[in-house]
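User: I'm new to this one and would like a close look at a single part of it, the spot with the odd backbone. Could you start there and then show me how the rest fits around it?

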Amino acid sequence: KVPESIKFIYDGKLNPWVVGKDLILHTIGDIGVEGALYASMESTGSAIGELSMDSRFTMANMAIEAGAKAGLFVADEKVQAYVRTRSQRPFTVYTPDPDASYARILEYDVSALEPQVAFPHLPSNTRPLSQVGDVPIDQAVIGSCTNGRWEDLVQAAEVLRGRQVHPHVRCLIIPGSQDLYLRMAREGLMDVFVTAGAAVSTPTCGPCLGGYMGVLAAGERCISTTNRNFVGRMGHTQSEVYLANPAVAAASAVLGRIGGPEEVGL
């Protein structure tokens, strides 16, 4: 079975601290966790052109949370430059046909988009950060396959630098690869995280699927940059997981409740 394609057009200039994680959470909040069932999600538009590769990878990763089979992007110059540094043989660039047909076309003006937070227990249960209210947390997880890339770690470090994790919060940093783990050590991010009171893990799925390190107890709340927040996903069935971007997760770790970088003076 060949998946149908759904085209998502994102136009406008993104606000500070709004990244690919927020675009995909907003989209899933709009179409639901079955909104792209067995389809390919093709993302395009001026806002996508401005996104880093790391943000695009996050969106592709979380396309699955909308039921999609794949998250696709046009191979613009950013993509081709990325591939050229990693490819050891010639590659072919495929682009959508000018007369390509789509099952649906959705358009978003992201100029006013805020950082998004997905409340329990679905990635589609999203709210803008300004509408979150007072939600105390016990844990913040920054990393994983979804948001454990270099840009994510840099953003988290920018928020945590010179600040302290709230005394009632566990803050876990989980890089997405051994290369990034080493780069954190070499470029000073490890020092930033440890000095702020965070625990730095080697690359792992860890608490994301309730494996180990940061598994939640009954009644605990966690803000996480991971991809899913289903019942019992990170531990006890009476725990709660909230999804957000790395800067929001880091700011929340400092505040002891869900909040944004502006609230810690950025």
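Analyst: Let's start with H121, which is found in the loop between β5 (116–118) and β6 (126–128). The model is a predicted one. The odd thing at this spot is the bond before the histidine: P120 and H121 are joined by a cis peptide bond, with omega at about 0°. As a rule, most peptide bonds are trans, and most residues other than glycine have a negative phi.

That rule about phi gives us two more places to visit. Y38, in the loop between α1 (20–31) and β2 (40–44), has a positive phi near 55° although it isn't a glycine. With a relative accessibility of 32%, Y38 counts as partly exposed. M213 is another non-glycine residue with a positive phi, this time near 60°. You'll find M213 in the loop between β9 (199–200) and β10, and at 26% relative accessibility it is partly exposed. A glycine joins the list too: G162, just after α6, has a positive phi of about 80°.

Now step back to the whole chain. What does its secondary structure come to? There are nine helices and eleven strands. The chain's radius of gyration is 18 Å, close to the 18 Å that the globule rule gives for 266 residues, so the chain is as compact as a globular protein of that length. Its C-alpha trace spans about 55 × 40 × 35 Å along the principal axes. Buried residues account for 50% of the 266 in the chain. Take the contacts between residues at least 6 apart in sequence: 74% of them join residues at least 24 apart.

So what's inside? In soluble globular proteins, nonpolar side chains tend to be buried together. Here the largest nonpolar core has 39 residues, and L160, C171, I173, F193, I223 and I258 are the ones with the most contacts inside it. Among the elements that each supply at least two residues of this core are β7 (139–143), α6 (150–160), β8 (170–174) and α8 (189–196). The top contributor is α9, with seven residues. To see the packing up close, pick F193: leaving out neighbours within four places in sequence, its contacts are L153, A156, A157, L160, I173, M184, A198 and V200. Another core, of 34 residues, lies apart from the largest one, and L23, A36, A66 and V110 are among its members.

Helix α6 is worth a closer look. It is mostly covered, with eight of its eleven residues buried. W150, D152 and Q155 are buried there, and so are residues including L153, A156 and L160. Another residue to check against α6 is V264, in the segment after α9. V264 counts as buried at 13% relative accessibility. Not counting residues up to four places away in sequence, V264 touches V159, R163, A251, V254 and L255.

Helix α3 (residues 53–62) tells a similar kind of story: eight of its ten residues are buried, so it is largely enclosed by the rest of the structure. One of the buried residues in α3 is R56, at just 3% relative accessibility. R56 forms a salt bridge with D76, and the closest N and O atoms are 3.0 Å apart. This pair links distant parts of the chain, since R56 is in helix α3 and D76 is in the loop between β3 (70–73) and α4 (77–84), 20 residues apart. D76 is partly exposed, at 25% relative accessible area.

The salt bridges come to seven in total. Another one pairs R170 with E220, at 3.1 Å between the closest N and O atoms. R170 is in strand β8 and E220 is in the loop between β9 and β10, 50 residues apart. Here R170 is partly exposed, with 33% relative accessible area, while E220 is buried, with 16%.

One last curiosity is R233, in the loop between β10 (221–224) and β11 (240–243). Is R233 buried or exposed? R233 is buried yet has no salt bridge, and the nearest side chain of opposite charge, E65, is 6.9 Å away. Leaving aside neighbours within four places in sequence, R233 is in contact with P207, C208, L209, G210, N227 and R228.

Technical notes: Residues numbered from 1 in each chain as written. Predicted model: local features only at pLDDT ≥ 70, side-chain atom pairs only at ≥ 80, totals over all residues. Heavy atoms only, no water. Core = buried A, V, L, I, M, F, W, Y, C linked by side-chain atoms within 4.5 Å. Buried < 20%, exposed > 50% of the residue type's maximum accessible area, 1.4 Å probe, protein only. Helix = DSSP H or I, 4+ residues; strand = E, 2+ residues; numbered from the N terminus. Contact = heavy atoms within 4.5 Å. Lys, Arg positive; Asp, Glu negative; His and termini not counted. Salt bridge = Lys/Arg side-chain N within 4 Å of Asp/Glu carboxyl O. Rg over C-alpha atoms; globule rule 2.2 N^0.38 Å.
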